[in-house]
Amino acid sequence: MARSTPEINGGSLADIAFLLLIFFLVTTTMNVDTGLARMLPPMPEENQKKAEQDVKQRNIFTVLINKSDRLLVEGMPMEVNMLKEKAKEFIVNPNDRADLPEKKATEIEYFGTVKVAQGVISLQNDRGTSYRMYMLVQNELVAAYNELRDELAKNKFGKLYNNLPENEQKAIQKVYPQRISEAEPKTVGGKK
Amino acid sequence: MAIFKKKGGGSTPQLNTASLPDIVFMLLFFFMVSTTMRETDMKVTVKLPEATEVVKLDKKSLVSYIYIGSPARQYQAIFGTDSRIQLNDNFRTLVDIRDFITSERDALSEFDRAMLTVSIKGDENTRMGIITDVKQELRKASALKISYASRRVEKDN
């Protein structure tokens, strides 16, 4: 009789299949929506308008983007890659300079009394500014805050900000509160 | 000679198909897990801008989307190439945003209403004018929690 070739043992095929299944399960990430989170200011009431303009000039960090996507930061033209450093300097005001934001001593958990700078970053854009540029600038400003928070978290707790428990994150948020104001739209420089 | 003949004459062995169901199930599971249903079909083309400092939007049920971008090719004959707003499945204008937010709010339970987040999915080549207008409308509708949808890229330091 002819010697038939032995059957291939298929018993372990299922195991291989499961192995693959688990591999894919672990490595596929479902596409999560990501984005820069922002709070819009509430619509001002009619009689409220006056009070808002009382912020001191030294406490405002003005970032203007014009319709050809050029930046004007505190009255000076600037490239986007310089913006982060400039913003960080503004937020911290390390040398208590008189033209940078004033500080207010605040009691904060874990840190004791900290002088918190009262600066607000004001971002203004033209109607013709491209969304790409706008996001680039937003991203740089958020990056400035995140880097400062990370630095502080590293020094104080020895961990990155994102890995801290919630109450410690809250404390750091109080030291460096994220104040980015997206200004009321103004029609300057003509329409597109 | 006879020996060679014997060797060549054997019929091809049947392939064992016992594990075929496993493979099929594996594929099934894989696709079940990795597909996310697209709830709306896109009428505008949106290429999200890049950002490094993005945060995840959790709780999908609390997120409403506003798409802003140039109309897809098949609609360009009617709507042109200028950026337009898409809410749900249709082209809409600025005035419809308030109704949209109201209906999105009504769909949520009372407890969740304050948590409603609006994700603005703007194309990177859009001009800020239309986005500012949308933001103003959102403020009027007091939907203040927004997120600028963006693609995550790694930092290049």
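At roughly what angle do the axes of H4(A) and helix H5 of chain A cross? The legends below address this point within a predicted model, in which local features need pLDDT of at least 70, side-chain atom pairs count only at pLDDT 80 or more, and totals for chains, interfaces and linings use all residues. Residues are numbered from 1 along each chain as its sequence is written, while chains are lettered from A and ligands numbered from 1 in the order in which they are written.

**View 1. Crossing of H4(A) and H5(A).** The axes (lines fitted to C-alpha atoms over the stretch in contact, with angles from 0 to 180 degrees between N-to-C directions) of H4(A) and H5(A), residues 166–175, cross at roughly 125 degrees and come within 10 Å. The two helices are therefore oblique to each other, a term for angles that are not under 35, over 145 or 65 to 115 degrees. Their crossing is right-handed, that is, the near helix is turned clockwise from the far one by less than a right angle.

**View 2. Residues joining H4(A) and H5(A).** Arg149(A), Leu152(A), Ala153(A) and Phe157(A) of H4(A) make the contact with Glu168(A), Ile172(A) and Val175(A) of H5(A); contact requires C-beta atoms, placed from the backbone, within 7 Å.

**View 3. Helix H4(A) and its end.** Helices are DSSP runs (H or I, at least four residues), numbered from the N terminus. The end C-alpha atoms of H4(A), residues 131–157, are 37 Å apart, which agrees with the 39 Å expected for 27 residues at 1.5 Å a residue, taken as 1.5 Å times one less than the number of residues. Just after H4(A), Gly158(A) has a positive phi of about 75 degrees.

Key. Contact = placed C-beta atoms within 7 Å.
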